[in-house]
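Reader: Could you walk me through how the two chains meet here? I'd like the terms spelled out as we go.
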Amino acid sequence: MRFSGLRVLKEGLTGNKGWTPHWRDPEPRSEYDVIIIGGGGHGLATAHYLASVHGITSVAVLEKGYIGGGNVGRNTTIVRANYGLPGNSEFYSHSLKLWEGLEEDLNYNVMHSQRGIINLFNSDGARDAAARRGNQMMSQGDDAVLMDNAAVRKLIPYLDFEQTRFPIYGGLYHPRGGTARHDAVAWGFARAADQRGVDLIQQCEVTGIDIVDGKVRGVQTTRGPIRAKKIGMAAAGRSSQVAAMAGMRLPIESHVLQAFVTEGLKPCIDTVITYPMGHFYISQSDKGGLVFGGALDFYSSYAARGNLPMAEHVIENALTLMPMLTKAKVLRSWGGIMDMSFDGSPIIDKTHIDGLYLNCGWCYGGFKATPGSGNVFAHLIATDTPHEVAKGHRLDRFRTGRGIMDEEAAGSQHNLH
Amino acid sequence: MRVRNKGRIDRSKPVSFTFDGNNYRGFEGDTLASALLANDVRLVSRSFKYHRPRGILTAGSEEPNALVTIGSGGHQDPNVRATVQEIYEGLEARSQNAWPSLEFDVMAVNDLASPFLGAGFYYKTFMWPRAFWEKIYEPIIRRAAGLGALSGQPNADTYERAFAHCDVLVIGGGPAGLMAALTAGQAGADVILADEDSLLGGRLNLETLEVDGQSGAAWAAGVAAQLNAMENVRVMTRTTITGAYDQGTYGALERVNHHTSVRNGKAPLETFWRIAAKHAILCAGALERPVAFQNNDRPGIMTAGAVRAYLNRWGVAPGKAITVFANNDDAHRTALDMIDAGVHVSAVIDSRAEAEALGAYTLIRGAHVTNTGGRKRLESITVRSASGAQNIATDCLAMSGGWNPTVHLTCHMNGRPTWREDIASFVPTEGAIPGLVTAGACQGDFSTAACLQAGAAAAAHILGCDMADVPVGDDCAYRMEPLWAVPGKGRAWLDFQNDVSVKDIKQAATENFRSVEHMKRYTTQGMATDQGKNSNVQALALLADATRRGIPETGTTTFRPPYSPVAMAALAAGAEGKGFMPERFTTSHVATKERKAPMIEAGLWYRPSYFPIKGETHWRQSCDREVGYVREAVGVCDVSTLGKIDIQGPDAGALLDFIYTNMFSTLKVGRTRYGLMLREDGHVMDDGTTARLSEDHYVMTTTTAAAGDVMRHLEFVTQCLRPDLDVRFASVTEQWAQFAVAGPKARDLLNGLLDAPIDGESWPFMACGPVSVGGIKARLFRISFSGEHAYEIAVPSRYGDALFRALVKRAEKLGGGPYGMEALNVLRIEKGFITHSEIHGRVTAFDIGMGRMVSAKKDCIGKTMSMREGLLDEDREQLMGFKPIGPVMQLTAGAHLYEEGAEPVAANDLGYFTSVAFSPTFGHYLALGFVRTGAARKGDRLKMVDAVRGIETVVEVCHPVFFDPEGERTRG
Amino acid sequence: MRLPCPLCGERDLREFYYQGAAVSLTRPDPDAGADAWADYVHLRENLPGDLEEMWHHAQGCGAWLVVTRNTATHVVKGAKLAMDTKRADTKRADTKGART
């Protein structure tokens with residue numbers, strides 16, 4: 001079924017009786033060309049691009065819960081391409097271009113809203129770092145505007161420009177940045193992949209990876225064994241668990257990142273705003289809730305929930321920056337499991353096991369990467385060569401020291417990007 | 001309509017308030033909801049999507065409909081539940097999400113278009129043309145969405161945060177909670193009893209049940225008095241436990257002054273508590289669930305428990321002709337209480353064929369309410385039974401689909417509640433929150449007697465003490481048969497605020513959103529401000545039905561913190577403005593401010609940007625002048641913000657050898673050395689000078705930014721890697737005030753001030769040692785961050801202000817003066833000294849030209865990993881200096897570098913500038929930066945492109961030390 | 001979250017700084033080779049369940065602790081001074097070395 005305004009009209013007039021499943025619930029076949037472990041955004045996108053770009057449709061996405069139930073459904077929905085380091089910069093640029101055509105590609109309204117994102121800065125040094133980043137973005141062909149205090153005042157006059165603890169010197173504005181409806185991204189990719197013949201197998205937990213003579217043969221699952229020529233791991237926060245089934249240890253620590261939403265409010269924030277002092281970021285959803293987050297809780301966790309100290313600190317950021325938010329009420333807080341790599345950048349690479357591919361280390365930047373990640377991972381799996389924009393995301397970079405992309409410059413000792 | 005002799009309001013104390021500009025009167029003890037009902041106000045809000053008229057549904061914080069805005073200006077508080085807000089004299093409430101008015105809301109047109117706006121419609125349309133989403137569709141959707149509005153102003157009210165600790169936290173002050181608190185209190189435990197309500201007693205205040213032969217409310221008041229008299233019991237009313245966190249930590253919101261007109265900026269409006277409890281007993285009661293049937297959302301349709309709550313607690317009959325529709329015996333109490341109070345009950349409709357009347361009212365058994373009439377207030381209901389359909393006139397329908405235990409807090413740590421068939425609802429799973437037990441209705445025990453007993457038993461169990469005497473309470477059984485939705489046409493509402501109907505759930509199932517989470521996200525069921533408290537269980541049951549699965553198999557409901565929404569002002573009280581983080585001031589702060597120096601933030605510290613003098617209109621004038629002080633006479637600068645760590649012990653040298661890349665154990669006493677510190681991954685962590693004051697006594701300096709990190713690093717190394725080292729250290733950053741005295745006349749300045757003069761022989765470059773200033777013991781270091789003959793002099797902080805003033809006075813006599821951060825930055829760039837702009841976390845010693853400082857003779861932190869092949873690659877970007885040679889002489893930090901003829905695109909990128917300054921010494925800009933292959937490019941011409949600032953020029957690659965490369969001035 | 005400092009008693013999470021798995025106690029010799037160093041600095045088991053990890057009581061006594069905590073449930077099973085753990089490990093290694 002093709003979605004359109006006309007279709008909605010027709011169904012509305014005939015009692016909405018004609019709607020059909022967004023995707024099938026097939027029984028797993030005994031063998032596929034490719035198995036993707038993890039039915040989150042990246043796994044689903046990988047399946048979609050395997051089918052749509054590379055014509056590989058004998059694909060199963062194995063999901064232990066329900067599709068889109070991980071970080072793709074738990075994030076703060078920000079989409080941007082404002083990375084400062086070579087390697088990441090071109091990758092996210094590529095990803096944003098895919099976002100810009102995603103609705104047509106998927107025939108699904110993911111509500112990608114290019115409402116602009118501004119990264120504020122609070123010192124001369126931070127301005128220079130922002131300029132460096134902006135120049136990287138522009139040299140990549142993306143958009144960046146370095147704003148001074150006056151320009152920021154014009155764009156977002158409701159910040160505290162007088163009393164705030166760390167005065168706002170300016171901001172790096174990225175007009176093509178914005179948000180998207182996170183669940184819709186998962187569902188859109190799922191539906192598109194399903195329509196091309198990809199089997200989405202939910203409630204199917206992978207319990208083992210079969211490797212013979214250094215080559216993958218298939219997986220063991222809670223729904224029986226499934227053979228495959230190639231296996232892609234896209235398990236985000238649980239990447240270490242999946243990799244352990246192949247006897248691998250990863251340069252990954254899983255951490256909890258909290259996110260928050262307020263009750264619905266009339267429109268008050270039109271752009272995405274980030275504030276560096278506490279990694280704070282905020283936008284307003286189309287429903288009116290203020291969606292925001294901050295830094296990690298700073299301890300390893302698989303619990304997908306956090307504690308009060310960071311929750312309070314995140315909101316402290318909000319209040320010193322935007323005192324007008326003071327009476328907004330936090331409706332819900334939740335947590336996601338972040339696969340924190342040791343340089344804050346992802347790993348998209350082959351492994352030492354033939355036919356086993358790795359996609360992890362997204363830290364808290366995975367959502368905006370969804371189409372890009374799926375696209376380049378599909379390329380890697382299909383062609384056995386890294387995609388041009390992801391050739392730096394090597395697994396061995398920590399061991400060799402070559403090509404480390406330390407976005408937050410925090411180093412591996414603290415591993416807290 | 002008020003009912004005589006009912007309720008716990010104080011009729012001698014009338015209270016005036018307004019709603020949508022109309023004046024009303026209530027009484028002290030009223031909530032806004034009870035007072036509006038007493039004034040026969042039915043329509044209080046519009047629903048979120050279809051803007052359908054909505055009235056009050058409940059009598060508690062779970063209210064999904066009656067959300068209003070209270071106050072205005074900086075007091076404006078949106079989305080306040082009228083069912084929780086107590087009225088006070090002068091309270092101003094306004095309706096939300098309706099335009100132009102609540103009575104006539106044009107957005108109600110959405111309701112007519114509802115066939116096209118069903119579950120998930122927006123995912124299927126608005127895709128074309130692409131640019132329309134941001135420009136047309138989204139703005140329209142955003143304007144229509146949202147509930148209340150923020151004022152746009154800062155808070156005019158005060159909020160607080162606080163900590164509390166206790167042995168036992170009792171959550172909820174109903175019969176179970178009261179008995180738990182009483183038992184624990186009598187056993188001598190430190191108890192906190194928290195309840196959302198202003199009165200203890202829970203449903204005892206809302207019912208006509210008896211306890212120990214007296215009214216439940218009276219009994220509760222008696223126990224409350226007992227508890228209040230116990231020193232070890234803290235009773236916190238108007239306090240909601242908002243979240244359960246690890247190791248017995250609970251968040252709690254106390255609404256301290258919401259019920260009063262006190263807005264004096266002193267007494268807090270709310271306090272957010274973090275309570276650390278050794279044990280917790282959840283006695284949170286239960287919430288009644290509505291039944292889904294066609295048009296079950298009209299103003300006047302309420303939960304049955306709420307209808308009698310308004311009668312019993314507030315003396316209000318929510319209608320003149322009450323009807324009841326239920327699937328359980330409990331709801332019949334509503335009819336009984338109404339009849340007792342002299343209010344007419346038209347009929348009780350019970351879906352159970354076997355239901356029996358418990359009093360003198362008309363019972364229609366085995367029947368359903370299938371539709372209702374009346375737009376802005378309920379006028380009639382249609383009842384269908386075996387004998388056919390009939391219309392009954394009524395202005396208040398009390399509905400009940402049964403009760404759901406308040407399991408919410410037990411889900412906050414990922415606990416999934418357990419389905420219990422007999423009550424057709426979820427109960428908490430044991431152990432869901434470590435240290436928390438549940439008792440009473442929240443555990444599915446619905447009779448008063450069971451609650452009283454369970455509360456006492458829970459406390460006795462966890463404390464190993466005797467139960468308080470358990471009084472006699474009502475013990476009638478809870479009898480119900482599940483009824484989720486009445487079959488039939490039309491829209492039967494589940495999530496009242498978000499306008500989710502039974503049809504939406506079925507459509508979601510049809511479209512294969514079969515998982516509870518999928519259904520919820522696709523339909524928005526349970527995502528409104530009540531977070532599904534009123535509707536999740538029904539929606540789950542209907543999804544189970546639509547997908548032909550059992551309820552436990554379909555899934556479970558889960559809830560996340562907070563239990564009810566909490567104002568950001570409370571969660572982060574005190575963080576507005578400067579309260580966000582502490583402010584640190586140097587000892588020269590006052591003297592600096594006296595000179596009108598603009599202060600800039602350096603971490604938590606404040607430091608002077610520059611010291612303006614009369615006639616200067618631009619910071620560059622001041623800066624250039626201050627640079628001149630140092631280059632030509634003498635300048636004084638407070639450098640106290642640098643981290644200072646006092647290190648002592650026989651192994652102090654060994655520790656430093658392990659921490660720094662270079663050797664310190666060989667440093668002579670009385671000498672200072674520059675040191676470079678790596679992270680274990682081989683990248684530069686920090687740098688600074690460390691002085692050896694005696695054989696086993698060093699003082700380390702760190703950069704301002706890394707002071708805390710380095711201190712922690714030393715703790716790590718000494719405790720976790722080298723506990724064998726006999727060494728102790730302490731941060732003395734705040735104990736010593738330290739000032740740089742720099743310039744050709746630096747020694748002249750000091751020699752007028754020190755008790756004994758110094759000379760070049762006794763104080764050569766990098767010397768250090770004790771000196772005396774005005775009889776005060778001080779430390780002098782001959783170190784330089786400017787390339788000039790310079791010292792740093794340190795005195796105990798209490799003398800800092802005096803010394804700074806004395807130094808500046810003498811400097812001015814010598815043709816110099818104080819200098820700030822701008823001049824300091826220029827001086828160090830001229831000399832090629834690095835800061836964290838250069839050692840920004842991604843560079844190695846090799847990158848900054850200090851590869852040779854990594855001693856080959858010893859191990860140190862980071863050494864092995866710094867030798868990874870990729871970190872020693874000649875192709876890496878390395879630190880160099882740059883000067884302009886193009887027509888444009890301006891350089892800018894953050895600019896990128898390219899070959900002169902190359903396109904400025906990412907693939908051609910060679911490097912970037914980290915620090916830039918206009919050098920008055922050289923008369924042009926200078927830059928430090930990183931460029932690929934570094935030193936090999938010395939003398940090359942490169943293109944500098946700063947696209948974001950629109951500046952492009954040509955630069956020459958130079959050695960990073962521009963000024964006095966031989967160091968003659970420093971040593972002289 | 002609250003952690004039991006062996007010196008100060010149970011304290012709020014706010015007082016502590018986290019630094020990952022307690023593998024950081026077993027720093028390899030400088031010449032242990034690339035594998036050992038890659039292991040030490042970058043590779044982690046990172047599985048849900050009990051983890052021995054490093055916490056610094058930064059806003060308290062300054063002690064580094066080895067805390068045993070379950071990363072799936074956050075249940076804390078205990079805490080020791082890292083210094084004691086390190087000394088015991090060193091002693092064990094020395095004894096072992098002496099025997100061989």
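Author: Let me begin with a term: two strands pair if DSSP finds at least two bridges between them, where strands (E, at least two residues) and helices (H or I, at least four residues) are DSSP runs numbered from the N terminus. This is a predicted model, in which local features need pLDDT of at least 70 and side-chain atom pairs count only at pLDDT 80 or more, while totals for chains, interfaces and linings use all residues. Residues are numbered from 1 along each chain as its sequence is written, chains are lettered from A and ligands numbered from 1 in the order written, and side-chain values use heavy atoms, with hydrogens and water left out.

Reader: OK, so which strand of chain A pairs with β31 of chain B?
Author: Strand β16 (residues 329-341) of chain A pairs with strand β31 (residues 566-567) of chain B in the antiparallel sense, over two bridges, and A:V330 stands opposite B:V566 in β31(B).

Reader: And how many residues are in contact overall?
Author: Counting heavy atoms within 4.5 Å as contact, 126 residues of chain B are in contact with 116 residues of chain A.

Reader: Switching to charges, how many salt bridges cross the interface?
Author: The rule, a side-chain nitrogen of Lys or Arg within 4 Å of a carboxyl oxygen of Asp or Glu, finds 14 salt bridges between chain B and chain A. A:R402 forms a salt bridge with B:D873, with the closest N and O atoms 3.3 Å apart.

Reader: Which helix of chain B gives the most to that side?
Author: Helix α3 (residues 132-144) of chain B does, giving seven residues to the side that touches chain A.
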